[in-house]
Amino acid sequence: MAGSEERIVVAPDPRTCAHEVLMPRWRGPQAMDREGGAMGYVCHRCHVEFSPSAASALRTQPPDSGAGA
Ligand SMILES: [Zn+2]
């Protein structure tokens, strides 16, 4: 252990994270005004990146606990 006070933030396990907060990643500043301008989405908690279609599926399908498929 070094004397650093910098804490290592451990991200939640992507397999258990509900990905409730998805932050869009824009192609550029000009794309931020357009619907569908995002090139992808990143979960604010576990930092997993999703494609727009995957993010859309997450929003329409709430995480089902116990679905181990
Ligand atoms: Zn997540």
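**Exercise 1. Place helix α1 relative to the sheet.**

Solution. α1 lies across β1, β2 and β3, running at about 50 degrees to β2. Axes are lines fitted to C-alpha atoms, for helices over the stretch in contact, and angles run from 0 to 180 degrees between N-to-C directions. Contact requires C-beta atoms, placed from the backbone, within 7 Å. Helices (H or I, at least four residues) and strands (E, at least two) are DSSP runs, numbered from the N terminus.

This is a predicted model: local features need pLDDT of at least 70, side-chain atom pairs count only at pLDDT 80 or more, and totals for chains, interfaces and linings use all residues. Residues are numbered from 1 along each chain as its sequence is written.

**Exercise 2. State the confidence of the model.**

Solution. pLDDT is the predictor's confidence in each residue, from 0 to 100. Its mean over the chain is 80, and 74% of the residues reach 70 or more. Confidence is lowest in helix α1 (residues 52–60), with a mean of 88. Strand β3 (residues 49–50) has the highest, at 94.

**Exercise 3. Work out the strand order and find the edges.**

Solution. Step one: the three strands form an open sheet in the order β1-β2-β3, with antiparallel pairing. Step two: β1 and β3 each have a single partner strand and stand at the edges, so one side of each is left without a neighbour in the sheet. Step three: strands count as paired if DSSP finds at least two bridges between them. β2 and β3, which run antiparallel, are joined by two bridges. Step four: Y41 has F50 in β3 as its bridge partner. In general, strands of a sheet pair through backbone hydrogen bonds, either parallel or antiparallel.

**Exercise 4. Compare the settings of H19 and H47.**

Solution. Start with the backbone. H19 is not a glycine, yet has a positive phi of about 50 degrees. H47, also not a glycine, has a positive phi of about 65 degrees. Next, location: H19 is in the segment before β1 (22–26), and H47 is in the loop between β2 (38–43) and β3.

Last, burial. A residue is buried if 20 or more other C-beta atoms lie within 10 Å of its own, exposed if 12 or fewer, and partly exposed in between, with C-beta atoms placed from the backbone. H19 is buried because 20 other C-beta atoms lie within 10 Å. H47 counts as exposed because it has 12 C-beta neighbours inside 10 Å.

**Exercise 5. Describe the setting of E20.**

Solution. E20 lies in the segment before β1. E20 counts as exposed, since it has 12 C-beta neighbours inside 10 Å. The C-alpha atoms of E20 and L58 are separated by 8.5 Å, while the two residues are 38 residues apart along the chain.

Terms used
Two residues are in contact if their C-beta atoms, placed from the backbone, lie within 7 Å.
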